[in-house]
Amino acid sequence: MHTIKAEPISREAYAPFGVYYDYLNPEGYALEGEIHKFYPDRISESCTTRVGYSPIAVRKEEKIVIKSVEYHTTSPEMILPLNDDMIIHVAPASGGTPVPEWTKAFVVPKGTMVKINTAIWHLAPLPVKEDVLHAMIILPECTYANDCTVVELKAEQQFEIVL
């Protein structure tokens, strides 16, 4: 089984798959008031329908073996880990055929939102330390029913993620 080492997320390494921003440690220009700093438009996206903000809870497994992957043909997905750092795995868009050999895995700090671009292979975020990762998934409403292609990987395509 192929093994992928999860690396700390960096702008350069993650750029082919999307963008991210650390909302717990904001940087850059801020609009300031007496008691606040507002950091506008750090990640933006347009959508022709309503947007859903959905919680996800993912249980930590002893071994992280990826057996299936998904993509969305018309929308990006945003994920915000709330209680733990998370691991995400992503692979380039490939016209509907999984490319696990091109997969990269990233450790994303708690409070850092990632945007996974349209058509990028991925699946659920995974906990680093906690028994259960709680995160927010942001997608156009009903994407899970209207625009979600899940592919079960053949045994020889499955891979393990290690820290």
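**Figure 1. Tyr 14 and Phe 106, two buried aromatic residues in a predicted model.** Tyr 14 and Phe 106 are both buried in this predicted model. Their rings form an edge-to-face aromatic pair, with 5.4 Å from centre to centre and 90° between the planes. The pair links distant parts of the chain, since Tyr 14 belongs to helix 1 (residues 11-14) and Phe 106 to strand 11, 92 residues apart. Ring pairs join Tyr 14 and Phe 106 with Phe 17 and Tyr 20 in a cluster. Above the face of Tyr 20 lies Arg 11, at 4.3 Å from the ring centre. The structure contains six aromatic pairs.

**Figure 2. The aromatic pair of Tyr 21 and Tyr 23.** The ring centres of Tyr 21 and Tyr 23 are 5.1 Å apart and the planes stand at 75°; the pair is therefore edge-to-face, a class that requires an angle over 60 degrees. Tyr 21 counts as buried because its relative accessibility is 10%. Tyr 23, with a relative accessible area of 36%, is partly exposed.

**Figure 3. An open sheet of four strands.** The strands follow the order 2-11-10-13, and their pairing is mixed. Strand 2 (7-8) and strand 13 (126-127) occupy the edges; each has a single partner strand, so one side of each is left without a neighbour in the sheet. Strand 10 (residues 86-90) and strand 11 (residues 104-108) are paired in the antiparallel sense through five bridges. Within this pairing, Met 86 has Val 108 of strand 11 as its bridge partner.

**Figure 4. The surroundings of His 89 in strand 10.** His 89 has a relative accessibility of 3% and therefore counts as buried. Apart from neighbours within four places in sequence, His 89 is in contact with Ile 66, Val 69, Thr 103, Lys 104, Ala 105, Trp 121, His 122, Leu 123, Phe 159 and Ile 161.

**Figure 5. The salt bridge between Lys 104 and Glu 7.** The closest N and O atoms of Lys 104 and Glu 7 are 3.5 Å apart. This pair links distant parts of the chain, with Lys 104 in strand 11 and Glu 7 in strand 2, 97 residues apart. Lys 104 is partly exposed, at a relative accessible area of 28%. Glu 7 also counts as partly exposed, at 26% relative accessibility. A search of the whole structure yields six salt bridges.

**Figure 6. Salt bridges of Arg 59 and Lys 129.** The side chains of Arg 59 and Glu 61 meet in a salt bridge with an N to O distance of 2.8 Å. Arg 59 is exposed, with a relative accessible area of 60%, whereas Glu 61 is partly exposed at 41%. In the salt bridge of Lys 129 with Asp 85, the closest N and O atoms are 3.5 Å apart. Lys 129 lies in the loop between strand 13 and strand 14, and Asp 85 in the loop between strand 9 (77-81) and strand 10; the pair links distant parts of the chain, 44 residues apart. Lys 129 is exposed, its relative accessible area being 54%.

**Figure 7. Cys 47 and Cys 142 without a disulfide.** The structure holds zero disulfides. The sulfur of Cys 142 is the nearest cysteine sulfur to that of Cys 47, at 11 Å; a disulfide would require the two sulfur atoms to be within 2.5 Å, and therefore Cys 47 and Cys 142 do not form one. Cys 47 counts as partly exposed, at 34% relative accessibility. Cys 142 is likewise partly exposed, at 33%.

**Figure 8. Positive phi at Asp 41 and Cys 142.** Most residues other than glycine have a negative phi. Asp 41, which is not a glycine, has a positive phi of about 55°. Asp 41 is located in the loop between strand 5 (37-38) and strand 6 (51-59), and is exposed, with a relative accessible area of 67%. Cys 142 likewise has a positive phi, near 65°, and is placed in the loop between strand 14 (132-140) and helix 2 (143-146).

**Figure 9. Thr 143 in helix 2.** Thr 143 is buried, with a relative accessible area of 3%. Not counting residues up to four places away in sequence, Thr 143 touches His 72, Ser 75 and Cys 148.

Key: Residues are numbered from 1 along each chain as its sequence is written. This is a predicted model: local features need pLDDT of at least 70, side-chain atom pairs count only at pLDDT 80 or more; totals for chains, interfaces and linings use all residues. Side-chain values use heavy atoms; hydrogens and water are left out. Two strands pair if DSSP finds at least two bridges between them. Helices (H or I, at least four residues) and strands (E, at least two) are DSSP runs, numbered from the N terminus. Buried means under 20% relative accessible area, exposed over 50%, partly exposed in between (1.4 Å probe, protein chains only). Rings of Phe, Tyr and Trp (its six-membered ring) pair if their centres lie within 6.5 Å; planes under 30 degrees apart count as stacked, over 60 as edge-to-face and the rest as tilted. A charge sits over a ring if NZ of Lys or CZ of Arg is within 6 Å of the ring centre and within 35 degrees of the ring normal. Contact means heavy atoms within 4.5 Å. A salt bridge is a side-chain nitrogen of Lys or Arg within 4 Å of a carboxyl oxygen of Asp or Glu.
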